[in-house]
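Q: Hey, I'm new to this one. Can we look at it together?
A: Sure, let's pull it up.

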Amino acid sequence: MANVGTVDRVVRAIIGVALVYYGITAENYWWILGAVLLATAIFKFCGLYKVLGISTCAKKSPS
């Protein structure tokens, strides 16, 4: 079940790409955090959000 909303996904993707680029060019391990952020943006799911009971997805109105 998705728990990462659209704005959250865009922010995660931008920061993720920046960290992957920085980590690779600076030859350090920041790329790992960037890869995790990209994965959570792609799959719309964050395990930490699940544990904490957080969701940034828009609420569906009852129909």
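A: What follows is a quick chat about this predicted model.

Q: What does UniProt say about residues 1-60?
A: An unreviewed UniProt entry places the feature "domain: Inner membrane protein YgaP-like transmembrane" there, at residues 1-60.

Q: And how much helix and strand does the chain have over residues 1-60?
A: It's 67% helix and 0% strand over that stretch. The end C-alpha atoms sit 14 Å apart.

Q: OK, cysteines next. How many disulfides are there?
A: The count comes to zero disulfides. Cysteine 46 isn't in one, and the nearest cysteine sulfur, that of cysteine 57, is 11 Å away. Cysteine 57 is in no disulfide either, its nearest cysteine sulfur being that of cysteine 46, at 11 Å.

Q: Why does 11 Å rule out a disulfide for cysteine 46?
A: Because a disulfide here needs the two cysteine sulfur atoms within 2.5 Å, and the nearest one to cysteine 46 is 11 Å off.

Q: Is cysteine 46 buried or exposed?
A: Cysteine 46 counts as buried, because its relative accessibility is 8%. Cysteine 57 is partly exposed, with a relative accessible area of 25%.

Q: Switching topic: which residues line the largest pocket?
A: The lining is Met1, Ala2, Ser55, Cys57, Ala58, Lys59 and Lys60. So Cys57, the partly exposed cysteine, shows up there too.

Q: How much space lies in the largest pocket?
A: About 160 Å³.

Q: And what's the lining of the largest pocket like by class?
A: Four nonpolar residues, one polar and two charged.

Q: Let's go to the helices. Where is threonine 40?
A: Threonine 40 is in helix α2, which covers residues 30-43. It counts as buried, because its relative accessibility is 10%.

Q: What does the side chain of threonine 40 reach?
A: It reaches the backbone oxygen of leucine 37, at 2.8 Å.

Q: Leucine 37, got it. How far is its C-alpha from that of isoleucine 14?
A: The two C-alpha atoms are separated by 9.0 Å, though the residues are 23 apart along the chain. Isoleucine 14 lies in helix α1.

Q: Is isoleucine 14 buried or exposed?
A: Exposed, because isoleucine 14 has 57% relative accessibility.

Q: What about the loop between α1 and α2, where does alanine 26 come in?
A: Alanine 26 has its place in that loop, with α1 running over 6-25. Alanine 26 is partly exposed, at a relative accessible area of 36%.

Q: How far apart in space are alanine 26 and lysine 60?
A: They're 43 Å apart, C-alpha to C-alpha, with their positions 34 residues apart in sequence. Lysine 60 is also one of the residues lining the largest pocket.

Q: Back to that loop. What's the phi of glutamate 27?
A: Glutamate 27 has a positive phi of about 55°, although it is not a glycine. Glutamate 27 lies in the loop between α1 and α2, and it counts as exposed at 73% relative accessibility.

Q: And lysine 44, what's its phi?
A: Lysine 44 has a phi near 60°, a positive value in a residue other than glycine.

Q: Where is lysine 44 found?
A: Lysine 44 is in the loop between α2 and α3, where α3 covers 47-52. Lysine 44 is partly exposed, with a relative accessible area of 37%.

Terms used:
Residues numbered from 1 in each chain as written. Predicted model: local features only at pLDDT ≥ 70, side-chain atom pairs only at ≥ 80, totals over all residues. Heavy atoms only, no water. Buried < 20%, exposed > 50% of the residue type's maximum accessible area, 1.4 Å probe, protein only. UniProt positions renumbered as here; feature names shortened; annotations may be inferred. Helix = DSSP H or I, 4+ residues; strand = E, 2+ residues; numbered from the N terminus. 1 Å grid on protein atoms, 1.4 Å probe; cavity = no way out; pocket = protein on both sides within 12 Å on 5 of 7 lines; lining within 4 Å. Points joined across faces, edges and corners; volume = space filled by probe spheres on them. Nonpolar A, V, L, I, M, F, W, Y, C, P; charged D, E, K, R; others polar. Polar contact = N/O pair within 3.5 Å; in protein donor to acceptor, adjacent residues only side chain to side chain.
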